[in-house]
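Hi there,

Here is the structure I promised to pass on to you. Please open it and keep it beside this email while you read.

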Amino acid sequence: MDESKTKYILDEKDMPTAWYNIQADLPEPLPPLLHPVTKEPTILPPPLFVEELNKQEFSKERWIDIPEEVQSIYRQWRPTTLFRAHRLEKALDTPAKIYYKFEDSSPAGSHKPNTAVAQAYYNKKAGVKRIATETGAGQWGSALAMACMYFGLELKVYMVRISYQQKPYRRNLMEIWGAKCVASPSPDTKIGQKFYAENPNHPGSLGMAISEAVEDAATHDDTRYALGSVLNHVLMHQTVIGLETKKLMEKMGIYPDIIVGCVGGGSNAGGMFLPFVKDKIQGKKKNLRLICVEPTGSPSITKGLLAYDYGDVAGMAPIAFMHTLGHNFIPAPLHAGGLRYHGMSPIISHLVKLGYLEAKAVPQLATFESGFQFARTEGYISAPETNHAIRVAIDEALKCKQEGKSKTILLAHSGHGHFDMSAYDAYLAGKLEDFEYPEAKIKEALSQLPQIPGK
Ligand SMILES: *Cc1c(COP(=O)(O)O)cnc(C)c1O
């Protein structure tokens, strides 16, 4: 292997033609999803999701073909580049080899279009005319706006108000691609009106915005709902990240010792991890470490409960078995808007429980220090979410230095930070705060969990 080489890119003809479904290989199946009212096992509510996505959600087939229409849009930016972080390694003076898979190069600037395009395609194919969704930092809203543009679908986005105010340019992206975007809680839905009437400047939360989008889809015949993370089919669509990386590394004759990804709902980390988790489950790579990184201000895996909880504030969404801070959790105003969700992907939670994944929480300021070091070595300015993964990759590389070990560290680089300048501005001005999750809140969360008979 040429150690001076910096970029590794698969040929278009070597792109994955099927998504990998981890459910085929889980040693224990996922706990069932429960209906919010009956508390009985359920599917994703059919008025909200088209049949094909529901099928994928519960499928046990190992490989699901990527439709040619989706592959053709993927080719606008995929395969994405795998970088060797030579300059960061040098600055850290570490014997570790750091690689990062770069999802920043999609038109929306993150990994989210990988599932947005697939979801828009299946909705279009089922005759749906309009989609309603929520967005935290605006990454999902813009990714879905782009995807709906390709397929000629209408889109309404409920954007968490604090992000709507902090990130006006994300809204512009959505509008350029033809979507309608409102601040949530909004006066446009019943659940939104309730919070909006109390406080028209309510900062909102992802759970609240989800409730608004769900209500919108449930009350319009031609409309379906789309979720940018958390769900099984979303993580499956994201496996193109890990599949490309694995194939590239095979060609390079290497295999990672440590893989790091930030987790909000778990989709970019899941997309990178799952094809590698397969090797761990099959006992081929017992020592591989996979690390989920979350903020100390919204630490669902490291401080939350592994329990059945609602996916949204209103208690209208199905109940999932996952790590949760309680569905009424209102997170600190972290700049990493994509990491502020109260819950976690059931697949990620399940794999943590089974011991295949580790989790770490890092404070906001430390993540920006690392993102800054990344920008001043590699050049790329990363999303605040991505900075969480960078922090832990750097920590692990420094550990390698102490131990004199040359490990291969792979980082899921989920997106760029070009629309997060207000966050970098706060960092540069020395005004960035750290947030700790108050332990006392866990009791409060516990008391709010849905009661499941027999559980
Ligand atoms: C949305 C987002 C995340 C967090 O979501 P996951 O589903 O956990 O991946 C992380 N990084 C970026 C750049 C995002 O846009």
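Below is what I found, starting with the ligand and moving on to the sheet and a few unusual spots in the backbone.

Please keep in mind that this is a predicted model.

**Around the ligand**

Look for the ligand first. It is surrounded by 19 residues, and the closest are Lys112, Ser229, Gly264, Ser267 and Ser414. By type, the shell around the ligand divides into four nonpolar, 13 polar and two charged residues.

Some side chains come within a short list of distances that you can check yourself:

- Lys112 has a side-chain N or O atom 2.6 Å from an oxygen atom of the ligand.
- Asn268 places a polar side-chain atom 2.8 Å from an oxygen atom of the ligand.
- For Gln139, the distance between a side-chain N or O atom and an oxygen atom of the ligand is 3.5 Å.

How much of the ligand does the protein bury? Taken alone, the ligand exposes 380 Å², and the protein buries 98% of that. The space that the ligand takes is the largest cavity. Two or more residues of the shell come from helix H11 (267-281), and the same holds for helix H15 (384-403).

**The sheet**

Next, find the open sheet of seven strands, which run in the order S1-S4-S5-S15-S10-S11-S14 with mixed pairing. Why do strand S1 (7-8) and strand S14 (358-362) each have one side without a neighbour in the sheet? They stand at the edges and each has a single partner strand, so one side is left free of a neighbour in the sheet.

Inside this order, strand S4 (residues 82-84) pairs with strand S5 (residues 97-102) in the antiparallel sense, over three bridges. If you want one pair to look at, Phe83 has Tyr100 in S5 as its bridge partner.

**Backbone spots to look at**

Most peptide bonds are trans, and most residues other than glycine have a negative phi. With that in mind, here are three places to visit:

- Arg78 and Pro79 are joined by a cis peptide bond, with omega about -5°. Pro79 is in the loop between helix H2 (68-74) and S4.
- From Ser184 to Pro185 the peptide bond is also cis, and omega is near 5°. Pro185 belongs to the loop between strand S8 (180-184) and helix H8 (190-198).
- Lys39 is not a glycine, yet its phi is positive, near 60°. You will find Lys39 in the loop between strand S2 (18-20) and helix H1 (51-58).

Happy exploring!

Terms used: Residues are numbered from 1 along each chain as its sequence is written. This is a predicted model: local features need pLDDT of at least 70, side-chain atom pairs count only at pLDDT 80 or more; totals for chains, interfaces and linings use all residues. Side-chain values use heavy atoms; hydrogens and water are left out. A residue is near a molecule or strand if one of its heavy atoms lies within 4 Å of it. A polar contact is a pair of N or O atoms within 3.5 Å; within protein, one must be able to donate a hydrogen and the other to accept it, and residues adjacent in sequence count only if both atoms are side-chain atoms. Accessible areas come from the Shrake-Rupley method with a 1.4 Å probe; for residues, only the protein chains shown count as cover. On a 1 Å grid over the protein atoms alone, a cavity is a set of points where a 1.4 Å probe fits but cannot get out, and a pocket is an open set with protein on both sides within 12 Å along at least five of seven lines; lining residues have an atom within 4 Å of a point. A molecule sits in a cavity or pocket if more than half of its atoms lie within 2 Å of its grid points. Helices (H or I, at least four residues) and strands (E, at least two) are DSSP runs, numbered from the N terminus. Ala, Val, Leu, Ile, Met, Phe, Trp, Tyr, Cys and Pro count as nonpolar, Asp, Glu, Lys and Arg as charged, and the others, Gly among them, as polar. Two strands pair if DSSP finds at least two bridges between them.
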